[in-house]
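Visitor: I have just opened this entry and do not know where to begin. Could you walk me through it?
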Amino acid sequence: MLANPVKRILPLIQSLFLALFFGLMLNGCAIFGAPTELDETKGWQADKIYDAGESSMIDKDYDKALKYFQILESRFPHGKYATQAQLEIIYANYKKSDPVSTIAAADRFIKLHPNHPNIDYAYYLKALATFNERGIIEKATAQEISDRDPKSLKQSFAALKELTERFPKSRYYKDATQRMVYLVNTLSQHEMHVARYYMKRQAYLAALNRAKYVLEYYPNSISVEEALVVSISAYDYMDLQDLKEDTLRVLKTNYPQNPMVTGKVSEDEKVWWKFWESLY
């Protein structure tokens with residue numbers, strides 16, 4: 001006698017139901033979405049959120065600090081803490097070594113608050129974001145010079161120049177001018193590094209153009225002496241004796257102790273750049 005069909009199917013249905021139930025329990029997030037992250041700042045006043053952000057800054061947890069300051073600005077956009085939070089966002093991004101976000105946040109603050117008493121701080125951080133800092137008194141090697149990005153250095157210089165011109169009484173003025181001197185020297189060194197490259201490959205006109213660029217645009221830089229030496233050598237190789245003698249007189253007048261002036265340089269065509277590099 002055949003068993004009751006219902007009794008045979010019922011256990012199968014129950015098994016399928018249990019499997020489906022546990023499957024839904026285990027994979028509920030796939031159906032209902034990821035669980036909503038709890039907002040610990042719910043119900044907090046602006047000052048409490050700001051203090052939390054400041055504490056995170058002290059702990060150097062800049063991602064968490066940014067989160068607090070962004071929540072603060074979003075939730076209380078017109079309060080006094082919102083403006084300060086915008087400044088903190090610039091600084092937090094700077095400390096994270098995120099120049100793109102730093103510059104974007106600084107530009108936004110400058111646009112929103114052109115007359116803010118701390119507007120110079122926004123300009124200052126904007127400049128620092130692209131400043132390739134290696135130490136003001138550091139003697140760089142040729143390889144380190146070639147590693148620098150002239151474009152970013154020029155952008156940083158422009159931002160620092162804008163700061164010093166717009167806010168000559170700013171607390172950041174002195175530091176900005178020191179960094180500008182460093183940037184000018186670095187840019188001039190970069191040009192001379194390229195000039196040496198051309199000289200070694202006997203591309204004398206290209207080397208001369210680099211040296212002349214330094215003399216014209218970086219006349220107060222530490223690379224002027226070398227630019228004169230390269231110019232004299234390039235003129236000599238191109239058999240432009242009048243220009244060579246004119247430039248040599250300038251070198252004698254301003255750098256009387258230069259080896260090329262004192263006659264301590266060998267006549268070998270390669271030695272001039274070897275002795276110069278030995279001075280670094």
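Guide: Certainly. Please keep in mind that this is a predicted model. In this chain, residues 24 or more positions apart account for 56% of the contacts with a separation of 6 or more.

Visitor: How many helices and strands does the chain have?
Guide: The chain has 15 helices and zero strands.

Visitor: And what share of the residues is buried?
Guide: Of the 280 residues in the chain, 38% are buried. The area that the chain exposes is about 17,600 Å², with carbon and sulfur atoms supplying 55% of it.

Visitor: Let us take one helix. How far does α9 reach?
Guide: Helix α9 covers residues 150–166, 17 residues in total. From first C-alpha to last it reaches 24 Å, close to the 24 Å expected at 1.5 Å a residue.

Visitor: Which residues of α9 are buried?
Guide: They are Ser-152, Leu-153, Ser-156, Ala-159, Leu-160, Leu-163 and Thr-164. These residues cover an arc of only 135° around the axis, which puts them on the same side of α9.

Visitor: Why would residues spaced like that point the same way?
Guide: An α-helix has 3.6 residues a turn, so residues three or four places apart point the same way.

Visitor: What do the buried residues of α9 pack against?
Guide: They pack against α7 (119–129) and α10 (173–200). On the face turned away from the buried side, α9 carries the exposed residues Lys-151 and Glu-165.

Visitor: What about α11: which of its residues are buried?
Guide: In α11, the buried residues are Tyr-204, Ala-207, Leu-208, Ala-211 and Val-214. Viewed down the axis of α11, they fall within an arc of 120°, so they line one face of the helix. The face turned away from that buried side carries Leu-205 and Glu-216, both exposed.

Visitor: What covers that buried side of α11?
Guide: The cover includes α10 and α12 (224–237). As to its span, the 14 residues of α11 (residues 204–217) should reach 20 Å at 1.5 Å a residue, and the end C-alpha atoms are indeed 20 Å apart.

Visitor: Moving inside, how many residues are in the largest nonpolar core?
Guide: The largest nonpolar core has 56 residues. Those with the most contacts inside it are Phe-69, Ile-90, Leu-163, Met-192 and Val-230. Helix α10 gives the most to this core, with nine residues.

Visitor: Pick Ile-90, then. What does it touch?
Guide: Leaving aside residues up to four places away in sequence, Ile-90 touches Thr-102, Ala-105, Ala-106, Phe-109, Ala-122 and Leu-125. Apart from the largest core lies another core, of six residues, including Val-229, Ile-232, Leu-248 and Leu-251.

Visitor: New topic. How many aromatic pairs are there?
Guide: A search of the whole structure finds eleven aromatic pairs. In one of them, Tyr-50 and Phe-69 have ring centres 5.8 Å apart and planes at 55°, so the pair is tilted.

Visitor: Where do those two rings lie?
Guide: Tyr-50 is in helix α3 (residues 46–58) and Phe-69 in helix α4 (residues 62–75), so the pair ties together parts 19 residues apart in sequence. Both Tyr-50 and Phe-69 are buried. Ring pairs also link Tyr-50, Phe-69 and Tyr-81 into a cluster.

Visitor: And Tyr-124 with Tyr-172: what angle do their planes make?
Guide: Their planes are at 15° and the ring centres are 4.6 Å apart, so the pair is stacked. Tyr-124 lies in helix α7 and Tyr-172 in the loop between α9 and α10, so this pair ties together parts that are 48 residues apart in sequence. Tyr-124 and Tyr-172 are both buried.

Visitor: Which backbone angle is noteworthy at Gln-202?
Guide: Gln-202 has a positive phi of about 60° although it is not a glycine. Most residues other than glycine have a negative phi. Gln-202 lies in the loop between α10 and α11, and its relative accessible area of 53% makes it exposed.

Visitor: What is the phi of Asp-239?
Guide: Asp-239, which is not a glycine either, has a positive phi of about 60°. Asp-239 is found in the loop between α12 and α13, and at 56% relative accessibility it counts as exposed.

Methods
Residues numbered from 1 in each chain as written. Predicted model: local features only at pLDDT ≥ 70, side-chain atom pairs only at ≥ 80, totals over all residues. Heavy atoms only, no water. Helix = DSSP H or I, 4+ residues; strand = E, 2+ residues; numbered from the N terminus. Buried < 20%, exposed > 50% of the residue type's maximum accessible area, 1.4 Å probe, protein only. Contact = heavy atoms within 4.5 Å. Areas by Shrake-Rupley, 256 points an atom, 1.4 Å probe, with all protein chains shown as cover. Expected span 1.5 Å × (residues − 1). Arc of directions from axis to C-beta. Core = buried A, V, L, I, M, F, W, Y, C linked by side-chain atoms within 4.5 Å. Phe/Tyr/Trp six-rings, centres within 6.5 Å; stacked < 30°, edge-to-face > 60°.
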